[in-house]
Amino acid sequence: MARINHGIVGISILITLSLPRRSRIFRDGKAIDGEDSSSVLGRLSFHWVSELVAVAEARRRVTLDDLPELDDRTRAGILQEEFTQAACNNASHRCDEWSLFRLLLLSHGKSLRNQIMLSIPLAVVAFTPQLALWMMLQLLEEQSTRQSDTASLTWWALVCGLTIGLSAWLENWLLWLAMNKISVPLTQQLTAILYHKLISHSQLAGDSLNEQNLTNLISMDTQRIATVAGFLYSNVLQAMKLIVASTLLTHLLGWQSLLAGLSTLLIITPLHRIFLQRYGAAERALTGLRDSKMAALTEALQCIRQVKIAALERKWEVKINQLLERGLQEHRAAFHWYLMNLACHLVGPVLVSATAIGIYTWIHGSLTPSVAFPALSLLGYIQFILGLIPDLWSGIVGARISLRRIGSFLETEKASSTIASGERIEFQSATVCYESSAGDQGSGTLHNVTASFPPKELSIITGATGMGKSLLLRTILDECHIQSGILRRPVAASHDEIYGQTTTTQPRWVIDHAVAFVPQLPWNEAATIRDNILFGLPLEPERYQSVLYACALTKDLEQLEHGDLTDIGPNGCKLSGGQKTRVALARALYSRAGILLLDDIFSAVDIHTARHIFIHGLTGELAQGRTRILVTHHVQLCASKAKYLVTLENGTVVFAGIPPYLLHPSLEENRDTAGNESKHDIHTPESTPVRHSYNTLVSADDPTERTKGAFMEDGRSPQNLVRRDVLRHYIQTSGGSRSWAVVAGCYIGYNGLLIALVCTVSFLLLRIPLKSIN
């Protein structure tokens, strides 16, 4: 009866552990990762991914649509908020390498603690098979009954098998925690933090914050820190394994043999320390050179047209080749010291094993199987652990360098803004500049700026070239420094306000405090014209057609084979300068922004197109109820509808107020009428904007049109075999046959030492008298 009760309890516990802990959660109609929804047994056995594995096996491929949604713990926004909150609670308010390490440790400390908790039993379980082997060999050597030997051997064989499986399960869980709970979230967190820092900082201040540094920090430093952080537990695990293995070896070989073997490390350790310092210095030099190389390549690509016109290809080729040559030299130096560091730890464990076994044989005169085989297994484990040390410490050295670089990036002074919330955009005795130094009053500075732009009206900023018109707009965007005075502006709209689910249900499309900006050099996404204009917003056909007409894009789309589904390439490389500006303007007009900041949009179009855009875009129905601040030299074109005028001269505001023609109507000479509107409008017929003959809305569901409009074709490259001449060229470039011969010789020599060790142990075992193993 007791057995039945125990069986019922066991079955009940098994059923309880097999039940899902909660129902599946969905976000935007897509299931979230089911790890937290799976049962206890399902989570311990990774069963929640079986559905994805089945899909991959059936389709032979996995796409992004097949993957589940990320949970909250791995979403970049939440991770960034955690870091920001921890940074605000930081008493020192610094962001050096140690402060950054502590902040990241606070964010991911729970996963690291779980890793250490799993490492403690793994450090013991990993050596249980060696212990079981030792006991089985001792049983074979002892004079005992057959029945007792069989039962004990069966028991220890079972222990050996179970502990091997348990050890593999613990190692898989540690690997899962390292990659999924630390490395991937940490990569997302650091990437989000770096992008946020770059966006919130003045990109025109001329300091170290630039795209090249950001590219290197994300592509190399972030990955290096995430990898080292994910496997940081390995340092603790290998230390515990080393202690357990040394303890077992002390029982097997004696403390004299173990001490003699470990004493050989006293020769290797000083060399390792020197090589590690040299390797760290080489890594720092290599990282700085990578930044210089990336900056030079980016500069060359951006001015490639001017380089060709001025016939400077040879000069730039020499400059880039010099950087590449220096990079190869630094790579060679770093790899040289890494190899020296690695050689110390490859030779060291072999010396430890040979010395320990040799001293034991010298002391005891013989080497029994019950000692030899477990000792060799344990010494091999120690050899593996000591071989991991150079990789672990080299990774830590590199991660420290990366932490220092990211900390310096994050510690860079943010644009010190004196901005207050207000109903309108207005400056009060403000001094603004590009430079970060408060004492620098040179070029790129506006003094004593006082202006108040009327809401929901058109305002004009004008002045000679280089007077600071763009600087004024950048200051409104919080991209420049306010040395004194104050700027008032509405609080910027959040992402949820603009792109929330209630976008299409709100009675009014425009959000008064949302901002759209059209720079002099417009940026466009590598996508279709329609995607660039919608920019994540839902398609409203009537509004969309009105925007195309207002920006004079209708005729341009008629000339394109695929209409608005034409892919414009990276940064709109398939469009002309005027088309880039009009697409960017169309994006601003279609957006929900109630504040439009327009930086000299008429400079890239002719006067007829400019007049059309002004009449239908800046002052038409689409612009009603919006605050428009326009930087332009075409004052005569725009003055008729402007309600506020700011004139810049000699680094200050010489006029800010209502244009004179509004105070004295007799001075107005350029007011547009219905008669002269058609005179200048050559791009579109004089009709209602929405009702023109050409329909630019090509069906996005048409697979033929979507295929035609694609910019990138299927990138599946044919499988080509490596030709012999390519392989020969690779060998010659990477050092030649002599270098490869040295590498092959070292590899053969290292394996020869291992074989010699095995042969030596076999020779010693053959000298054992037969009666000792009878």
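**Close-up views of a predicted model**

**View 1. A nonpolar patch on the surface.** Welcome to this predicted model. Val9, Ile13, Leu14, Leu17, Val40, Leu41, Leu44, Leu166 and Trp169 come together as a nonpolar patch on the surface, and their accessible area adds up to about 700 Å². Two or more residues of the patch come from each of the elements α1 (2-18), α2 (40-44) and α7 (146-200). Helix α1 gives the largest share, four residues.

**View 2. Trp169, a member of the patch.** Here we look at one residue of the nonpolar patch, Trp169. Its place is in helix α7. Is Trp169 buried, partly exposed or exposed? Trp169 has a relative accessible area of 31%, so this residue counts as partly exposed, a class that lies between under 20% for buried and over 50% for exposed.

**View 3. Helices α10 and α11 pack together.** Helix α10 spans residues 255-263 and helix α11 spans residues 265-302; they pack at an angle of about 30 degrees, with their axes 6 Å apart. Because angles under 35 degrees count as roughly parallel, α10 is described as roughly parallel to α11. On the α10 side, the contact is made by Gly261, Leu262 and Ser263, and α11 brings Leu265, Leu266 and Ile267.

**View 4. Stepping back to the protein chain.** To place the close-ups, here is the chain around them. It has 27 helices and 12 strands. Of its 774 residues, 42% count as buried. Among contacts with a separation of 6 or more, 77% are between residues 24 or more positions apart. The accessible surface of the chain comes to about 42,500 Å², with 60% of that belonging to carbon and sulfur atoms.

Technical notes. Residues numbered from 1 in each chain as written. Predicted model: local features only at pLDDT ≥ 70, side-chain atom pairs only at ≥ 80, totals over all residues. Heavy atoms only, no water. Patch = residues over 30% accessible without salt bridge, like charges linked within 9 Å, V, L, I, M, F, W, Y side chains within 5 Å. Areas by Shrake-Rupley, 256 points an atom, 1.4 Å probe, with all protein chains shown as cover. Salt bridge = Lys/Arg side-chain N within 4 Å of Asp/Glu carboxyl O. Buried < 20%, exposed > 50% of the residue type's maximum accessible area, 1.4 Å probe, protein only. Axes fitted to C-alpha atoms, helices over the stretch in contact; angles between N-to-C directions. Parallel < 35°, antiparallel > 145°, perpendicular 65-115°, else oblique. Contact = heavy atoms within 4.5 Å.
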